[in-house]
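Biologist: I'd like a close look at one part of this structure, explained for someone in their first year. Could you put it up so we can both see it?

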Amino acid sequence: MIQNTIIIGSGAGGATIARELSLKKHKIKLLDKGPLYQQGSAAEYLKLKKVSSIDKSGLPTGKEINNLNLNEDNRFSLQLMYSEGLGGTTTISLANACYACSSCYTDSTTTQFQLQNLELYNEFLEASKEMKVNPLPFDFRGPTTQKMVEAAENLDFYMEAMPKFIDFDLCNKCGNCLYNCKPGAKWDARDYVAQAQKKGAELITDFQVKRILNCQGKVTGVEGIYKGEKKVLNSSQVVLSAGALNTPFILRNSGITEGVGEEFFCDLFITVGAYLKDAQLNQEIPMGVKSEFGPYFISPHYSAALPPLIQEKYKNLKKDIKVTPDDVVGIMIKIADESRGFMDKNGDIHKDITSRDRKLFQEGIKKATDLLIEMSADPESVVLSPVRGAHPGGTAPMGKVVNQDMQTSLEGLYVVDASIIPRAPGRPPILTIVALAKKLAQIMG
Ligand SMILES: Cc1cc2nc3c(=O)[nH]c(=O)nc-3n(C[C@H](O)[C@H](O)[C@H](O)COP(=O)(O)OP(=O)(O)OC[C@H]3O[C@@H](n4cnc5c(N)ncnc54)[C@H](O)[C@@H]3O)c2cc1C
C-alpha cells in the first residue's frame, strides 16, 4: 500500500528521510518554510540568533574565559548561527564529516545512541559513501595549515586530516566552502532533495508549518501558512525535521510540551587569532586538519571577526601595523558544552557558559595560543573571537521527547533532526543526523 508522508524541513534530517522514503515508494510532500534559492547565495540566508544568559551576571568576559588576559573586559555575547531555506543549514556548512568515534570522545553521538539501543554503524558507512566522505587529501592542504601541523608536532600533539564531504575530483581549492562552492564539490542536502524529487516527491517551499493536527492521540495532518494563507494538509504520518530551533516550537504548538526545549546545547566555539604576515589562511580550505582532545577539538579557522580585533589591539599597543585578512591565522576551539540551556515560550534561547565549559575553553585556548606562537605569529597580537554556537541541538532529546523509533507521544509523528541528539557531541553533527534519518526510514518501512 502506498503511504502518504509529510516531511517538514529540507535540511540534513528532512532531505535524507525524503530521499529514503521516496526510494521506498512513499508518496512524499516535503515542506520548507524557506525559499528555493540560487547556488551561491547561501550567505544571504545565514541567520544569527542572540542568546541571553540565565545567570543575571551575564556571559563571561574574555578574561574570565581564558585567564590569559588576552582581551578587553567586555562581556561576551553569544550568538547561534543557522540557515533557513532549501537544504537548511547544510548549505552553509564547512563540509566537516565526523564519524562520531567513541575513541575521540567517549560521549560521542555513536555512544549516546547506542545507549538508546540504536546502532548507527551501517548508516554512517552508507551516508559516507553517498556523500563522498574522505579525509582532506594532502595536496588540498594549504601551506599555512601544513605549517600548523608541523608546529603542533613540535609541541607534541598530532593534527590529522579532517574528513570532508567534498568531491575532490570537482574541488578547485578556492576555500569558499562556507558560502559558495562554485564547482558544486561540497555535498549539501539539496542533493538528496533532488534525488527525492526524481523519485516523485513533491517539494513545497515557502510553507511555514505552525502545528501538527491530531485527533485521539494520532496525527491527522499539518497546519501552516502558504503564500500568506492558512493551509491544511492531511496525512497520518508526519516527520518533523525543522531543526533544533524550530522543531520545539512546532511540538509545543501541537500540545507536546514535556521535556521540549529544556536541554539545549550548541557545541560552543571560539577562535583564537593572531597576526602572521601573508599567512593567507583565509584562502585555504577551512578546517582542513584537526586535533582531538576528548570533549573538544581544535582546527585551523579564519574568522572575519579577527582582523579588526587584532587591529584594535595594535592600536592600543601603539603598534603601527596594518592588519589585512591575508595576515591573520586562527584556530577554532569547539567544545561539547553542557546541555543546560532552554528555549522559552517565545522561542528565545537562554544559556550560560558553565564552569566546565570555561575549563575546556581555557585548555583549548592555551594549546591554540602556544601553537600560534610556535608558528611565529606575533604573541602580542593574540585575540579571541566572540563565542558562537553553530550546532544547536537537544531540544527534543531521544529518551525524553521521542522514543528509540524517533516517534513522539503522538502516533504517526516522528522527529529526525539535531533536536533529538541528547547531549552535545562537540563535533560536526550532519553525518549523525543523516545516519539517524536513514535509520528512521527503515523503522517507518
Ligand atoms: C556556519 C556553519 C557551519 C557548519 N558546518 C558544519 C560542518 O562542516 N559539518 C557538520 O556536520 N555540521 C556543520 N554545521 C551544522 C549543521 O549544518 C547543522 O547541525 C545541521 O544542518 C542541522 O540539521 P537539521 O536537519 O537539524 O536542521 P537544518 O539543516 O537547519 O534544516 C532545518 C530545515 O527546516 C526548515 N524549517 C524550519 N522551520 C520550519 C517550519 N516551521 N516549516 C517548514 N520548514 C521549516 C528550515 O528552512 C530548514 O530547511 C554548520 C553550521 C553552521 C551554522
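Which residues does I298 touch, not counting residues up to four places away in sequence? Start there, and then walk me through the rest.

Modeller: Sure, and keep in mind that this is a predicted model. I298 touches K290, S291, I331, M332, I333, G364, K367 and A368, once residues up to four places away in sequence are left out. You'll find I298 in strand β15, which covers residues 296–300. Is it buried or exposed? The cut-off for buried is 20 or more other C-beta atoms within 10 Å. I298 has 28 of them within 10 Å, so it counts as buried. For a sense of distance, pick out D191, which is 107 residues from I298 along the chain. The C-alpha atoms of I298 and D191 are separated by 29 Å.

Now for the strands. Strands of a sheet pair through backbone hydrogen bonds, and they can do that in a parallel or an antiparallel way. This model shows both kinds, so let's take the parallel one to begin with. There's an open sheet of 5 strands, and if you read across it the order is β8-β2-β1-β12-β21, with parallel pairing. Its edges are β8 (202–204) and β21 (413–415), each of which pairs on one side only. On average, neighbouring strands of this sheet are turned by 20° against each other, ignoring direction. Look inside the sheet at β1 (residues 4–8) and β12 (residues 238–240): these two run parallel and are joined by 3 bridges. One bridge to find by eye is that of I7, whose partner in β12 is V239.

For antiparallel pairing, go to β9 (residues 207–215) and β10 (residues 218–226), which are paired over 8 bridges. F207 has Y226 of β10 as its bridge partner. The two strands form a hairpin with 2 residues between them, and Q216 in that turn has a positive phi of about 50°. Then the chain does something similar again. β10 is joined to β11 (residues 229–234) by 6 bridges, and this pair is antiparallel too. Across from I225 you'll see K230 of β11, while G221 stands opposite N234, also in β11. The hairpin of β10 and β11 has 2 residues between the strands as well, and here K227 takes a positive phi near 50°. How many of the 6 residues of β11 are buried? The number is 0, so β11 lies largely in the open.

Why make a fuss about positive phi? Most residues other than glycine have a negative phi, so a positive one is worth a look. A100 is one to check, with phi near 55°. A100 sits in the loop between β4 and α3 (109–114), and it counts as buried because it has 25 C-beta neighbours inside 10 Å. M406 is another: it isn't a glycine, but its phi is positive at about 65°. You'll see M406 in the loop between β20 (387–389) and β21. With 27 C-beta neighbours inside 10 Å, M406 is buried as well.

Next, the ligand. It's surrounded by 40 residues, and the closest are G9, G11, G88, P428 and I430. The elements giving two or more residues to this shell are α1 (12–23), β4 (78–83), β9 and α10 (430–444). Sorted by class, the shell has 19 nonpolar, 17 polar and 4 charged residues.

Two of those elements, α1 and α10, also pack against each other. They do so at an angle of about 35°, with axes 8 Å apart, and their crossing is right-handed. From α1, the residues taking part are A12, G13, T16, I17, E20 and L21. They meet I430, I433, V434, L436, A437, K438, L440, A441 and M444 of α10. By class, this contact has 11 nonpolar, 2 polar and 2 charged residues. Notice I430 on that list: it's also one of the residues closest to the ligand.

Technical notes
Residues are numbered from 1 along each chain as its sequence is written. This is a predicted model: local features need pLDDT of at least 70, side-chain atom pairs count only at pLDDT 80 or more; totals for chains, interfaces and linings use all residues. Two strands pair if DSSP finds at least two bridges between them. Helices (H or I, at least four residues) and strands (E, at least two) are DSSP runs, numbered from the N terminus. Axes are lines fitted to C-alpha atoms, for helices over the stretch in contact, and angles run from 0 to 180 degrees between N-to-C directions. A residue is near a molecule or strand if its C-beta atom, placed from the backbone, lies within 6 Å of it. Ala, Val, Leu, Ile, Met, Phe, Trp, Tyr, Cys and Pro count as nonpolar, Asp, Glu, Lys and Arg as charged, and the others, Gly among them, as polar. A residue is buried if 20 or more other C-beta atoms lie within 10 Å of its own, exposed if 12 or fewer, and partly exposed in between; C-beta atoms are placed from the backbone. A crossing is left-handed if the near helix is turned anticlockwise from the far one by less than a right angle, and right-handed if clockwise. Two residues are in contact if their C-beta atoms, placed from the backbone, lie within 7 Å.
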